[in-house]
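Thanks for coming. I will go through one model this morning, piece by piece, and take comments at the end.

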Amino acid sequence: MIEDTSIQLSLFVEHGREREAATFYAAAFGAREMDTYTIDGVLAGVAMRFGELPVTVAGSNPNREKMPSYGGPFFPKQAGAVSAIFQVNVGDIDTAFPRAIAAGGVIRDEIQTDALGRRVASIFDPFGHIWTLVERKPEIGSLAA
């Protein structure tokens with residue numbers, strides 16, 4: 001990858017639910033709000049950081065929703081109607097998973113061990129997106145004599 005290239009994601013929710021979504025992501029995953037964007041005085045997006053990853057929570061354009069032939073992006077109309085899954089790497093899944101549920105997430109998969117030996121779980125957020133929580137394995141360091 002070229003050094004001056006970076007990636008930023010936009011996560012689309014139903015127009016008018018931008019603030020609700022930002023509040024959920026802060027409570028569920030510890031995302032930090034960095035800025036807000038308005039169009040004609042109406043909230044249109046919230047810039048956030050999920051760890052070091054910049055993500056803009058944006059409202060789907062209602063005019064594009066009325067004319068789908070213009071193309072998306074659109075927000076999920078039902079839980080899981082998405083083309084991507086967000087993975088959150090956590091230090092302690094036994095703490096992170098219940099926090100996401102308490103914030104309003106709905107269980108998709110309970111905590112389990114996957115084929116790679118990692119502890120994982122997944123939820124639907126209140127806006128239809130899927131989030132997989134993956135517990136980071138502890139670093140095994142060497143002891144110097």
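**A lysine over a ring, then the sheet and the aromatics**

Let me begin with Lys77, which lies over the face of Phe75, 3.9 Å from the ring centre. A charge sits over a ring here if NZ of Lys or CZ of Arg is within 6 Å of the ring centre and within 35 degrees of the ring normal.

Before going on, the ground rules. This is a predicted model, where local features need pLDDT of at least 70 and side-chain atom pairs count only at pLDDT 80 or more, while totals for chains, interfaces and linings use all residues. Residues are numbered from 1 along each chain as its sequence is written, and side-chain values use heavy atoms, with hydrogens and water left out.

Phe75 is also one of the residues in contact with Ser60, leaving aside neighbours of Ser60 within four places in sequence; contact means heavy atoms within 4.5 Å. The others on that list are Phe12, Val13, Glu14, His15, Glu65, Pro73 and Phe74. Ser60 itself is in the loop between β4 (53-59) and α2 (62-66). Helices (H or I, at least four residues) and strands (E, at least two) are DSSP runs, numbered from the N terminus. Is Ser60 buried or exposed? Its relative accessibility is 1%, so Ser60 counts as buried; the cut-offs are under 20% relative accessible area for buried, over 50% for exposed and partly exposed in between, with a 1.4 Å probe and protein chains only. The side chains of Ser60 and Glu65 are joined by a polar contact of 2.8 Å. That term means a pair of N or O atoms within 3.5 Å; within protein, one must be able to donate a hydrogen and the other to accept it, and residues adjacent in sequence count only if both atoms are side-chain atoms.

Now the sheet. It is open, has 4 strands in the order β1-β4-β3-β2, and its pairing is mixed. Two strands pair if DSSP finds at least two bridges between them. β1 (9-13) and β2 are the edge strands, each pairing on one side only. β1 and β4 run parallel, joined by 5 bridges, and Phe12 has Ala58 in β4 as its bridge partner. Helix α1 (residues 18-29) packs on the sheet and touches β1, β2, β3 and β4.

At the other edge, β2 pairs with β3 (residues 42-50) in the antiparallel sense over 7 bridges. The two form a hairpin with 2 residues between them, and Asp40 in the turn has a positive phi of about 50 degrees. Glu33 stands opposite Met48 in β3. Met34, in β2 (residues 32-39), is in contact with Ala47, Met48 and Arg49, apart from neighbours within four places in sequence.

Last, the aromatics. How many aromatic pairs does a search of the whole structure find? There are 10. Rings of Phe, Tyr and Trp (its six-membered ring) pair if their centres lie within 6.5 Å; planes under 30 degrees apart count as stacked, over 60 as edge-to-face and the rest as tilted. The rings of Phe86 and Trp131 have centres 4.7 Å apart and planes at 20 degrees, so that pair is stacked. Phe86 is in strand β5 (residues 85-90) and Trp131 in strand β8 (residues 130-135), so the pair ties together parts 45 residues apart in sequence. Both Phe86 and Trp131 are buried. They belong to one aromatic cluster with Phe24, Tyr25, Phe29, Phe50 and Phe127.

Asp125, in the loop between β7 (119-124) and β8, touches Phe24, Tyr25 and Trp131, not counting residues up to four places away in sequence. Its side chain makes a polar contact of 2.5 Å with the side chain of Tyr25.

Notes: Axes are lines fitted to C-alpha atoms, for helices over the stretch in contact, and angles run from 0 to 180 degrees between N-to-C directions.
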